Amino acid sequence: NGPELLLSLTGADGPKKYMVLGQTSDELRAAGGFTSSVWTLSFENGALTETKFIPILRFENRGLLSQSAGPAAPLNFYMNTGALYLRDVGWEPDYASVGNLASDLYQLHRGDEIDGVIAITQWGIIRLVEAIGGIDVDGEFISAEDTLRVIEQGTDTEGTEFLEQLFVGLLESIEGESLADPQFELLNAMSDNIYQKDVMLFSSDEDEQRLVDALDIAGRFPVSEQDRIAVVDSNVGWSKSDRSIERSANYMVDLTEPDRPVAELVLSYRNTGSEIGRDCSSQRPPDGNEAIYSVSRNSCYWNYFRAYVATGIEVTGSPDLPLPENSVPHQLDRQSPGSSTFSHGFDEYGDHLAGLVAIPPGDSIKFSFEYELPASVLEVTESGFTYQLALVAQPGARGRRTSVELQLPDGYSLGSTSHATEFQNDGTVRFFFELITDEILRVDLIVNE
């Protein structure tokens, strides 16, 4: 279906126009990152005919803000956004929903329709620059190794409008005659971008969207009927500190009573930034030199996390996750400092455990949840049980070190598994993942004869 989709997307049957969301994953959101830049691309008869840059701060018609859906409740609660802006469109974890919302916002604020929405993170851009051997930006040659430094310096001196030059340089290099040699590398880079969700696509055409879904480039957020671990982090601290964050998850499932499985999820974060950045004394937008990229990247990490788990859990133990002093809810008298920010919620994507944490540069945090799983996470088979776990990677997060430990029921042994075991002893089996792509762990448990 790839060639059919490509022809349709690039205007073989008539002109097509797309919005491109440039996502800053240093300011991570559920669907890849804060939207810091916007372009439109127009195609006709397979050719790119027009590129237009739209400054993100001038995207909205302020008089029309009240006509769009409001911001997500947690985003407004923890950042006081007040209205829904395109820059915050990546709040939800399902990119198809994000793309549909972005398309609606384009029609509302820009006055015409688009045929789809493409999202690309900075990691996706770097991978493309590497594949084509570097790009020319306003007379300066930029290698893949230089790209992050150039983005940071350009953002400091020219703001997000610098990204217009970078994007034009990338497109000109991809279209240029010099591309003949690295075509294979470019295709591999695009494949990696799609596989790791650094490029995602939404089409307004239902037939095209079905092809997009079939090719798994829609950034769909899976809603599993069995067990699931899908942690999504959202930077709510007006910083660029996500590149300094090391993430890990440990998931332990006790299956010794198959009709009453229980689980413990441990989440860990380490802020590797230096103390040149802002501390956690106040949650607020940066002031003056605090907005410089090198300072922002080494600042306090204010993270509103959501851990989506199996549907139908019963929470038996949870951390308080106390609200910090001078957080936005405290400043606005919405919630008292020290009170718990933990919540167990349910939305269209299922059960999730959520809360706010603030991690200073050089510090770390670890907390855990205990809950009972529905018995349906174990599927009865002729020889015993099958356990299946969906592990969902967050776009832009660049991996989450994840271990899964299963304690087997008495009288059962390990049968076939979808992934190699890291450790196995005394009825306990462990698996390890560098979660940069979605994974499905499948384990067969066999009755001992």
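Where in the chain is the place of D136? D136 sits in strand β5, which covers residues 135-137. Before following that residue further, please keep in mind that this is a predicted model.

**The chain as a whole**

Let's step back for the overall picture. The secondary structure of the protein chain comes to 10 helices and 22 strands. Its radius of gyration is 23 Å, close to the 22 Å that the globule rule gives for 449 residues, so the chain is as compact as a globular protein of that length. If you like to think in box dimensions, the C-alpha trace spans about 70 × 55 × 40 Å along its principal axes. As for cover, 53% of the 449 residues count as buried.

**A charged patch on the surface**

Back to D136, which belongs to a patch of negative charge on the surface. Its companions there are D138, E140, E158 and E172. Is D136 itself buried, exposed or something in between? Its relative accessibility is 48%, and because partly exposed residues lie between the 20% and 50% cut-offs, D136 counts as partly exposed.

**A covered helix**

Helix α4, residues 122-131, makes a good next stop. How many of its 10 residues are buried? The count is 9, so the helix is mostly covered, since buried here means under 20% relative accessible area. The buried residues include W123, I125, I126, L128 and V129. Also on that list are Q122 and R127, along with G124 and A131. After α4 comes G133, a residue with a positive phi near 80°.

**Two residues with positive phi**

Most residues other than glycine have a negative phi. Against that background, K197 and L321 are worth a look: each is a residue other than glycine with a positive phi. The table puts them side by side.

| Residue | Phi | Loop | Relative accessibility |
|---|---|---|---|
| K197 | near 60° | between α7 (183-195) and β7 (199-203) | 9% |
| L321 | near 50° | between β12 (314-317) and α10 (328-331) | 6% |

Which term fits K197, buried or exposed? With 9% relative accessibility, K197 counts as buried, because the limit is under 20%. L321, with a relative accessible area of 6%, is buried as well. Both residues are found in loops: K197 in the one between α7 and β7, and L321 in the one between β12 and α10.

Methods. Residues are numbered from 1 along each chain as its sequence is written. This is a predicted model: local features need pLDDT of at least 70, side-chain atom pairs count only at pLDDT 80 or more; totals for chains, interfaces and linings use all residues. Side-chain values use heavy atoms; hydrogens and water are left out. Patches are made of residues with over 30% relative accessible area and no salt bridge: like charges are joined within 9 Å, nonpolar side chains (Val, Leu, Ile, Met, Phe, Trp, Tyr) within 5 Å. Accessible areas come from the Shrake-Rupley method with a 1.4 Å probe; for residues, only the protein chains shown count as cover. A salt bridge is a side-chain nitrogen of Lys or Arg within 4 Å of a carboxyl oxygen of Asp or Glu. Lys and Arg count as positive and Asp and Glu as negative; His and the chain ends are not counted. The place of a charge is taken as NZ of Lys, CZ of Arg, CG of Asp or CD of Glu. Helices (H or I, at least four residues) and strands (E, at least two) are DSSP runs, numbered from the N terminus. Buried means under 20% relative accessible area, exposed over 50%, partly exposed in between (1.4 Å probe, protein chains only). The radius of gyration is taken over C-alpha atoms; the globule rule is 2.2 Å times the number of residues to the power 0.38.
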